[in-house]
Amino acid sequence: MQRLFGAAVPLLAALVAFACGAIMLVAVGADPVEGLRALVDQAVGSGPRIATTLVRATPLLLVGAGITIAFRASVVNIGGEGQIVAGALLSTIVAIQLPNLPGILLVPLVLIAGALGGAVWGAIPGALKAYASVNEILSTIMLNLVAVQFMNFLLRGWLIDPLEVERGTRIPQTARLSENATLPALIPGSRLHLGVLVAVLAAIGAYVLLWRTPLGFRLRAVGHSPEAAKAAGIPVKKSIVTALALSGSLSGLAGAILVFGSESVRMVTDGSAAGFTGSAGFNGIVAALFGGLHPLWTIPSSFLFGGLLTGATGLQRALQVPAALAVALNGIVVIFVVSSAKVRTRLDQLANARSEMKEVLKDA
Amino acid sequence: MATNTGEVMLEMRNITKRFPGVLANDSVNFDVRAGEVHTLLGENGAGKSTLMKVLFGLYQPEEGEILLNGTPTKITSPTHAINQRIGMIHQHFMLVPTLTVAENVALGLKSGRRPLTDLKAVARGIADISDEYGLAVDPNVDIWRLSVGERQRVEIIKALYRKAELLVLDEPTAVLTPQEVDELFAILRDMRNSGKGLVFISHKLHEVMALSDRITVLRNGKVTGATTPAESDRSKLASMMVGREVKLAPDKPLVEIGKPRLTISNLSVDGDRGAVAVDGVDLEIRAGEILGIAGVSGNGQRELAEAIAGLRSVKSGSTISIDGKDVAGMDTRDRRNAGLSYVPEERMRDGAIGDFTVAENLILVDHGSDEFSARGMFKFAEIETHCSQLVSDYAVKTPSLETPTSSLSGGNIQKIILARELANEPSVMIASQPTRGVDIGAAEYIHSRLVDARDRGMATMVISEDLDEVLGLADRIAVLCDGKVMDIVPVEGATKEQLGLLMAGVKS
Ligand SMILES: Nc1ncnc2c1ncn2[C@@H]1O[C@H](COP(=O)(O)OP(=O)(O)O)[C@@H](O)[C@H]1O
Ligand SMILES: [Mg+2]
């Protein structure tokens with residue numbers, strides 16, 4: 001009952017946000033009903049379109065599920081972008097090094113490599129926080145920048161497609177990666193690939209981890225009360241690093257899926273983070289908030305946001321309105337969700353636990 | 001004892017007040033004379049606050065009448081009560097944090113310079129009251145800057161400023177440190193001696209014995225006793241409160257003292273502000289022995305406990321060993337594995353997680369053991385069996401194992417912590433303030449559990465500010481003063497006076 005109500009709040013917030021969106025449409029002289037129809041049609045109007053929406057939602061879901069893990073340990077992970085990039089790079093390198101490995105081995109291998117890359121990129125701010133009291137909100141954001149520059153450096157140098165060098169165009173992208181590493185389609189002929197399933201399983205896994213395992217128990221204990229956790233003998237510092245590493249590993253997995261689920265099967269950038277990630281590292285946070293920071297609710301929430309993102313292109317095309325409108329709509333949803341009471345109490349709890357954590361990390 | 005006990009100011013006759021499903025006051029009689037402290041004593045939920053809210057016009061009783069100075073009066077609202085010279089210090093303070101002391105005192109009063117408030121006049125009034133009763137407060141400081149004790153003083157001033165003659169204090173000591181309690185009692189005695197009538201509400205026996213002129217005991221809404229400190233003692237009061245014989249000091253069978261289990265030598269620890277908090281302490285506790293640590297709070301007790309538990313670093317040269325194993329370099333986890341268990345002083349901060357369920361708090365320490373998990377996954381069936389067993393063994397009153405722990409009473413939360421900490425038959429237990437703020441019934445239970453574990457060979461350190469608790473539980477008593485052990489005395493023959501002197505740093 002309470003759970004149902006908990007779900008109703010963000011939905012209500014979304015409705016209000018849509019109402020605001022409609023007003024904006026009217027303001028630019030467009031028909032909101034037509035706009036909504038175009039948006040929905042583009043998002044879920046046909047099989048292939050649904051597939052596109054689901055594929056688009058996949059990285060959001062992975063990042064979002066990771067956010068919920070970090071959040072339960074009262075750690076804030078804004079480093080999704082960097083962790084996606086780190087995961088993508090490591091998995092790309094693996095695929096380049098082992099092009100002839102059969103798919104049955106290579107696909108799992110590149111996914112693991114992605115998770116590993118993201119985990120390392122998450123563990124760094126985790127360790128900085130645990131052992132040097134560096135605020136992880138700052139360090140994760142900084143590491144996003146570092147990851148992007150590192151990506152540009154590698155894609156322009158060591159990893160660049162030899163053809164680009166030959167032709168002198170020097171677009172920062174890798175060569176086509178081994179076909180063996182391509183994520184298999186779930187339905188033959190469809191764009192729907194294994195990554196979507198992996199993401200859903202990862203979200204369920206996050207739930208199981210948090211509420212069914214001793215490890216998750218420790219993370220939640222640290223998240224609720226670092227003082228009590230410490231007195232009970234739970235290693236607070238290690239738990240912080242673990243939470244960020246796990247959170248990062250899911251983002252890293254998203255990075256691998258972005259590379260090996262793409263039609264080009266290569267890693268390509270325009271020099272910015274969003275050029276590769278499509279801002280999934282940030283949109284995933286929104287999806288997690290919209291899902292009440294619960295890994296299972298993050299599943300429908302991510303699909304909704306995926307639909308909103310793909311639908312926005314339809315809206316833009318049908319009504320000839322600027323793309324910025326879709327971004328604004330997104331922002332309005334975020335504002336309403338974050339200001340809803342339930343999410344607010346969650347965030348307040350987070351703030352309390354965090355100030356306590358500061359104390360714990362300070363002494364011994 | 002008050003000398004100038006005067007005429008009856010207040011008489012409450014046969015007051016009955018019902019709430020849906022609860023008879024909060026059942027035909028209660030209560031009266032207050034000028035110049036006395038009349039205590040209302042009772043466990044949580046006995047109906048003390050309800051009776052006083054009836055007096056203050058917050059509730060209308062179903063039956064009964066109130067006489068003020070002999071005149072039957074129907075008190076319709078708090079304003080009415082204040083006009084009748086009744087003042088009330090609620091359990092939760094009613095001050096506006098962003099306003100100054102003077103502004104809070106003036107709030108809701110008519111001023112001589114209407115519609116403007118004359119804060120200068122108010123400040124002068126406050127200064128007069130402050131002088132008369134030693135209630136030192138700066139009228140011009142914002143409330144949020146004040147400590148809890150100071151806020152309470154502002155509440156008292158507020159009531160006195162409104163010319164209260166009858167003052168009700170609802171559990172005023174619950175939020176205070178022991179020193180603040182002493183200060184408050186001095187103020188209350190002054191007020192009593194100047195002829196005011198005071199109602200003091202508490203469930204702490206030693207405070208009640210120290211301050212009261214008369215005592216009325218409530219249980220489940222009924223008066224179960226009316227007495228005075230002279231005619232009564234703590235255990236009589238306790239039985240009236242609980243409704244059965246209560247053992248304030250547990251039965252302690254003679255047991256053979258075994259080998260040393262906890263050995264501490266030359267332990268020095270820094271406090272939070274850097275200064276030395278524990279200074280070269282040597283202690284040894286043997287199997288089957290309870291060592292009581294007495295001392296005025298803030299003399300190194302907390303740091304001592306935390307250092308043994310591995311939550312605070314020790315200075316070099318300190319050694320701590322459990323069953324002969326040196327644990328000084330170990331973290332808390334490893335010390336617990338070596339046989340240590342720990343009941344922290346701050347129950348809700350360090351002892352339990354309020355947002356966790358009862359079951360989760362019961363496995364907070366042992367959640368990773370093979371008993372509760374296999375291949376990284378919890379075995380919920382085993383956890384449930386274990387936790388239901390503990391809940392019934394320790395008589396924890398909870399609707400279910402899934403209930404959020406913060407919704408339980410302090411006594412039940414403490415039982416959960418104790419159940420968890422004793423579950424593994426530890427070799428050494430550090431128990432800090434094990435029964436502070438806990439109902440008498442629960443305290444009795446906790447004491448008997450600690451003694452049982454001692455009888456089975458546990459070495460126990462009980463740190464308490466309550467000398468009666470230390471004298472009742474301990475086999476030997478170490479007195480801490482300024483971070484040093486003043487003396488260690490056997491409990492036989494130890495007196496409060498002797499301990500009090502040691503606590504004050506006087507060595508005989
Ligand atoms: N406003 C209320 N509504 C319903 N029940 C109440 C209310 N106030 C108190 N009670 C109940 O009345 C009983 C006495 O409460 P209270 O007077 O607050 O006890 P005490 O102050 O002695 O701890 C308790 O069972 C409590 O739950
Ligand atoms: Mg009360």
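This passage describes a helix pair, a surface patch and a salt bridge in a predicted model.

In chain A, helix 5, which spans residues 103–132, packs against helix 6, which spans residues 136–156, at an angle of about 145°, and the axes of the two helices lie 9 Å apart. The crossing in which helix 5 of chain A passes helix 6 of chain A is right-handed. On the side of helix 5 of chain A, the contact is made by Trp121(A), Ile124(A), Pro125(A), Leu128(A) and Lys129(A), while helix 6 of chain A contributes Glu136(A), Ser139(A), Thr140(A), Leu143(A), Val146(A) and Ala147(A). When the residues of this contact are sorted by character, 7 are nonpolar, 2 are polar and 2 are charged.

Nonpolar side chains also appear on the surface, where Leu186(A), Ile187(A), Leu197(A), Leu201(A), Ile204(A) and Leu296(A) form a patch that has, taken together, about 480 Å² of accessible area. Helix 8 of chain A, covering residues 194–212, supplies the largest share of this nonpolar patch, with 3 residues. Ile187(A), by contrast, is located in the loop that runs between helix 7 (162–167) and helix 8 of chain A.

Side chains of opposite charge can pair when their charged atoms come close. Over all chains, the structure contains 44 salt bridges. One salt bridge joins Arg214(B) to Glu36(B), with the closest N and O atoms 2.7 Å apart. Because Arg214(B) belongs to strand 9 (residues 214–219) of chain B, whereas Glu36(B) sits in the loop between strand 2 (22–33) and strand 3 (37–41) of chain B, this pair ties together parts that are 178 residues apart in sequence.

Key: Residues numbered from 1 in each chain as written. Chains lettered and ligands numbered in written order. Predicted model: local features only at pLDDT ≥ 70, side-chain atom pairs only at ≥ 80, totals over all residues. Heavy atoms only, no water. Axes fitted to C-alpha atoms, helices over the stretch in contact; angles between N-to-C directions. Helix = DSSP H or I, 4+ residues; strand = E, 2+ residues; numbered from the N terminus. Left-handed = near helix turned anticlockwise from the far one by under 90°. Contact = heavy atoms within 4.5 Å. Nonpolar A, V, L, I, M, F, W, Y, C, P; charged D, E, K, R; others polar. Patch = residues over 30% accessible without salt bridge, like charges linked within 9 Å, V, L, I, M, F, W, Y side chains within 5 Å. Areas by Shrake-Rupley, 256 points an atom, 1.4 Å probe, with all protein chains shown as cover. Salt bridge = Lys/Arg side-chain N within 4 Å of Asp/Glu carboxyl O.
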